[in-house]
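Let's take a walk through this model together, from the overall make-up of its chains down to single residues. Keep the structure open beside the text as you read.

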Amino acid sequence: MENLHSVYLEEAEDLFSKIEESLLLLEKSPDDSSLIAEVFRSMHTLKGSSSMYGSSKVADFVHNLETIYDQVRGHEIELSQPIIEATFKSLDHLKKIVQAPDIPDPIDAKYHEKLTAEILGLLEDYSGEIAPAKKEVNHSKCTYFISFTPDKAIFSDGTNPLLLIDELKDLGPSRVYTSIDKRLKSKSYDPKKCYTSWNVILATEDDVNPIKDVFIFVEETSKIVIEKISDVDLLGLSEFTSQLPPNDLNAKLPALKDFKKLVKAVPAEALTRSAEDSLHEDEVDGQEEEKLQKSHGKEEAITSIRVSADKLDELMNQVSELVTTQAGLSLYAENNFDPTLNAIADNVEKLSRQLRDIAFEMTLIQISNLFRRFNRVTRDISTQLGKSVKFITEGGETELDKKIIDSLADPLMHLIRNSLDHGIESREERVKMGKPEKGTIKLSSYYSGAKVYIQIEDDGRGIDAQKIREKAIANRLISKDDQLSEREIYDLIFVPGFSMAKSVTDISGRGVGMDVVKKNILDIRGDITVESKIGQGTKIVLGLPLTLSVIDGLLVKVEATSFVVPLGDIKKCYEIKRDELSNDFNELITLEEDKIPYLDLRKEFLIKDENPPEKASIILLENEDNKIAVCVDSIVGEYQAVLKPVGKYYRNQEFVSGATILGDGSIALVLDAYKIIARKIVKQKKSA
Amino acid sequence: MKKNILIVDDSESIRELVGNSLENAGYHVLKGINGKDGIDVLKNFDDTVSLIITDLFMPEMDGIDLIKEVRKDNIYKFVPILMLTTESQAEKKLEGKKAGATGWMVKPFEEGKLLRIVKKVIG
């Protein structure tokens, strides 16, 4: 049951965000009947599953909401702003109470009642009744008379009337009277027809509905009479049972009125005694039921295929270890010239690669859920700010590593808040500038190469590069004479302590934030760029790796030390003579008539050798428009690097994003192209 | 031989709950996430199902259309079909009945009731 319950909770979450999404769209086009139907259906599903999982409070609450949308659907009421507001409030409340459907917190319970009343007030024919009437549970047994005369053709439906009688008997103690039509004995008898009818006396704790349910399949074609003949269990009274006629197939069926006569004949004293008995019986029944439920719980088989994120992480970890171990095996096989071992190693390599790909795919999730979250935030904040904003998302189907999506939530939230607060102008301002009254924020995502890009675009006032410059000078981040390109100026936004907001608001502008955003993005090996045009809007682009745990890299060597360079950042490789470098003084190298700053790993890592090899390899890294050349001794080849974090002593280092274990057990550092380029450019600026 | 039952519901939690109960009771369970999917599951199944249990409100293709579609197939002309409804929606029940449903079950129901009804229909 436990694992099923989590399925229910996850489903509820999904439904909440679906409803939210539709509501946001409905605000824009309140007449869209397909959206209303969508909301209604989601609520309906939520109600159904909540009731099945025992959350009757949730189910009742959703039922009222659903009724509103049913009325909207049937054009009985109009979808007004108060309805939408109330629905949003209800969703927030529901999110809370699905976790603890008994609503243990008295404040929540009070709020629950208040909201329920509010929702009921919105209904068309609200009669002052709170929550749908609960079924009265009757704990003492009553006695029913049931007459069942099936349609003669009942067999052709595939229905076995005896099963129905059996089911009646399951409801409680009973007496069944059967009678056969006389024709059964005559020659006109058709064996494919049913000539039997039944009258049943049944004592049951249930009300009339379960009895009706027994006949749901046949109620239209058969003759069925159900009537309560007593409020006590007559079948438990010898005064009654002793008077009952015997069951004689050939006799006429005892009819309702015959039984009623018998009931009247039962002494009143016996009836009260029976009522007391049945109360006592209940207690025993209750205990037994509990036992039954317990034993049921044990039999529960696990058939769900939902897997917890932790287990996936663990799988990914183990697969990473396997890839590393396999690299060791391949290396060993290669060095030992044993054809059998080599073949095995090849196979293991193939298998572990497939396994890695499968495991990797499992950890990818669509970004749409994250996007959906911002729908709501955008709406809330824009209302708070008195701005009207259209929020568009695109490319929600893009898949990313779950860890990346998790760590994107905060930075994206911040960027969107910024756009809403500083980017989008107030309504009046927009009208004055000849822009549409409604601002637009577009959140989109797409693949390009080995990366995923996420773009936040607004059509607001844009960022004034001149103002940033002035502020940066005032804050002593740059000096007056510094020549910066537009992009470099925009990059200043991400420097700690830099805030452009004129006033500090609740939403953004506390001066912390953009630097944290950048740090968060860099932490997941991403990069961030800003483009802006004054008066037209701002575009912020995040470039992200597909995954955090495995990267395709190029294995290179400097003396005996190995490094891995991410393949995605490499533009080209060249072979040069080492002399070419030493002749150069400004740490610039000419490649294809282009002067490019270079970084000699030999120097940077203080790898000393009196006689460096004559030849060297240059790897040209490119990140956006910036290029940098990295000089190494030799290139070994492509390598699948399983990323491991480096210890805390390396946290502040300038160009390593992690380490990986090579096949022979040694360690290679994984270079971070973005950091290398950023650092080199700063250096260049300083020396210039 | 296990009897096959198809459950069609857009709610995963209900599919799982009903599916689990039926599997524990010894049935083989097939699942569809909406009417269309349910039809696909039936078409791609190399055996026949003995019972279809379907929700009514579903995206893409609702329960009523599913029933109509299923009844077109000669193999499934007489297979029992149970509808799941949330409350007593009289019109829907009638509509379902006209389309060829055998009966219905009102949510919420307990495992015991589900199994009883299933047993009643397919023995």
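What does the secondary structure of chain A come to? The answer is 21 helices and 21 strands. Please keep in mind as we go that this is a predicted model. Chain A has 688 residues, and 32% of them count as buried. If you take the contacts in chain A with a separation of 6 or more, residues 24 or more positions apart account for 71% of them.

Chain B can be described in the same way. The secondary structure here comes to five helices and five strands, and along the sequence these follow the pattern β-α-β-α-β-α-β-α-β-α. Of the 123 residues in chain B, 49% are buried. Among the contacts in chain B with a separation of 6 or more, 62% come from residues 24 or more positions apart.

Now let's look at where the two chains meet. Here 24 residues of chain A are in contact with 22 residues of chain B. On the chain A side, helix H1 (2-28), helix H2 (33-52) and helix H6 (161-171) each supply at least two of the residues that touch chain B. Which of the elements of chain A gives the largest share of that side? It is H2(A), with eight residues. By character, the chain A residues that touch chain B divide into nine nonpolar, eight polar and seven charged.

Next along chain A comes a pair of helices. Helix H3 (residues 56-73) and helix H4 (residues 81-97) of chain A pack at an angle of about 165°, and their axes are 11 Å apart. Angles over 145 degrees count as roughly antiparallel, and H3(A) and H4(A) are therefore roughly antiparallel to each other. Their crossing is left-handed. If you would like to find the contact on screen, H3(A) brings A:Lys57, A:Val58, A:Phe61, A:Leu65 and A:Ile68, which meet A:Ile83, A:Thr87, A:Ser90, A:Leu94 and A:Ile97 in H4(A). The residues of this contact divide into seven nonpolar, two polar and one charged.

From helices we can move on to a sheet. In chain A, four strands form an open sheet with antiparallel pairing, in the order E2-E3-E1-E4. Strand E2 (174-180) and strand E4 (223-230) of chain A stand at the edges, and each has a single partner strand, so one side of each is left without a neighbour in the sheet. From one strand to the next, the twist averages 15°. Further in, strand E1 (residues 142-149) and strand E3 (residues 196-204) of chain A pair in the antiparallel sense over seven bridges. Within this pairing, A:Thr143 stands opposite A:Ala203 in E3(A).

Which helices pack against these strands? H6(A) lies across E1, E2 and E3 of chain A and runs at about 15° to E3(A). Helix H9 (residues 256-265) of chain A also packs on the sheet, where it touches E1, E3 and E4 of chain A, and its direction makes about 5° with that of E4(A). You have met H6(A) already, as one of the helices that supply at least two residues of the side of chain A touching chain B.

Further along chain A there is a hairpin to look at. Strand E15 (residues 588-591) and strand E16 (residues 594-600) of chain A run antiparallel and are joined by four bridges. One of the residues to pick out is A:Ile589, whose bridge partner in E16(A) is A:Ile596. Two residues lie between E15(A) and E16(A) in this hairpin, and A:Glu592 in the turn has a positive phi of about 45°.

Let's finish with two single residues. A:Met433 sits in the loop between helix H15 (427-432) and strand E8 (439-448) of chain A. Is A:Met433 buried or exposed? It is exposed, because 10 other C-beta atoms lie within 10 Å, and a residue with 12 or fewer counts as exposed. The C-alpha atoms of A:Met433 and A:Gly535 are separated by 8.4 Å, although these residues are 102 residues apart along the chain.

B:Leu42 lies in helix H2 (residues 35-44) of chain B. With 23 C-beta neighbours inside 10 Å, B:Leu42 counts as buried. Leaving aside residues up to four places away in sequence, B:Leu42 touches B:Leu6, B:Val49 and B:Val70. B:Leu42 and B:Gly32, ten residues apart in sequence, are 9.0 Å apart in space from C-alpha to C-alpha.

Notes: Residues numbered from 1 in each chain as written. Chains lettered and ligands numbered in written order. Predicted model: local features only at pLDDT ≥ 70, side-chain atom pairs only at ≥ 80, totals over all residues. Contact = placed C-beta atoms within 7 Å. Nonpolar A, V, L, I, M, F, W, Y, C, P; charged D, E, K, R; others polar. Axes fitted to C-alpha atoms, helices over the stretch in contact; angles between N-to-C directions. Parallel < 35°, antiparallel > 145°, perpendicular 65-115°, else oblique. Left-handed = near helix turned anticlockwise from the far one by under 90°. Buried ≥ 20, exposed ≤ 12 C-beta atoms within 10 Å, placed from the backbone. Pairing = 2+ DSSP bridges.
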